[in-house]
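The following note sets out points on strand pairing and on selected loop residues. Please read it alongside the sequence and the coordinates.

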Amino acid sequence: MRAIPLTFTALAAALLLTACNDSGGDKNGKSGSACEVGGVSLQIGAASVAPAAGDTGEIPVSITNQSAPCTLDDFPDVVLEGGGSPARVPVLKGAKAQKLKLAKGDSASFSISYVRGAEGAKNTLAAQTVKITLPGSDTGRTFPWKYGPVAAKAAGTAPDASVSAFQQVGD
């Protein structure tokens, strides 16, 4: 007689735990699609501009979801362009990507840090635009770069700049 109440209790507990398992996906078990520029608002905020060559500046970028739930998984792709050659901005050394799910109205942010280069120097990128593409998307958005020339790293092949991981904004 005692086996029935224990079996019933175990079965009820298993059903309760299964009902509470929220994988964050939709009713078919699929996770939200990647956030895309057309479905989110992408804005560059008030920057801390590097005033002189050798100084470091930081540009915050905010993303607000304007449509169906979506996911930011990995780092944004940031490319500086100027003088005919695009230069991809590397990820901040040691940064860890986190998967963020954004419901409609939710926001996230990341920042672009850079070292200002000397005007006209051969190891300087005279950036004119910055193109930002969200992870999992092929469509980017281009903004004017009004923060001065960007220094090159010691090897001269990449800009002395970095992109941080996405951070959830708000609650």
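1. Strands here are DSSP runs of E with at least two residues, and helices are runs of H or I with at least four residues, numbered from the N terminus. The model is predicted, so local features are given only at pLDDT of at least 70 and side-chain atom pairs only at pLDDT 80 or more, while totals for chains, interfaces and linings use all residues. Residues are numbered from 1 along each chain as its sequence is written, and side-chain values use heavy atoms, without hydrogens and water.

2. Asp-74 lies in the loop between S4 and S5. Although Asp-74 is not a glycine, its phi is positive, at about 115 degrees. Relative accessible area is classed as buried under 20%, exposed over 50% and partly exposed in between (1.4 Å probe, protein chains only). Asp-74 has a relative accessibility of 43% and therefore counts as partly exposed.

3. Strand S4 (residues 70–72), which precedes that loop, pairs with S7 in the antiparallel sense over three bridges. Two strands count as paired if DSSP finds at least two bridges between them. Within this pair, Cys-70 stands opposite Leu-102 in S7. Both strands belong to an open sheet of three strands, ordered S1-S4-S7, with mixed pairing. Strand S1 (33–34) and S7 are at the edges with a single partner strand each, so one side of each has no neighbour in the sheet.

4. The other open sheet to consider has four strands in the order S6-S5-S10-S11, with antiparallel pairing. Its edges are strand S6 (85–88) and strand S11 (140–144); each has a single partner strand, so one side of each is left without a neighbour in the sheet. Neighbouring strands of this sheet are turned by 25 degrees against each other on average, direction ignored. Such angles are taken between N-to-C directions and run from 0 to 180 degrees, with axes as lines fitted to C-alpha atoms, for helices over the stretch in contact.

5. Within the four-stranded sheet, strand S5 (residues 77–82) and strand S10 (residues 129–133) run antiparallel and are joined by five bridges. Leu-80 stands opposite Val-130 in S10.

6. Which residue lies in the loop between S6 and strand S7 (100–102)? Gly-94 does, and Gly-94 is exposed, with a relative accessible area of 63%. Gly-94 and Ser-164 are 70 residues apart in sequence, yet 9.6 Å apart in space, C-alpha to C-alpha.

7. Gly-170 is placed in the segment after strand S14 (167–169). Gly-170 counts as exposed because its relative accessibility is 63%. Between the C-alpha atoms of Gly-170 and Ala-108 the separation is 8.4 Å, with these positions 62 residues apart along the chain.
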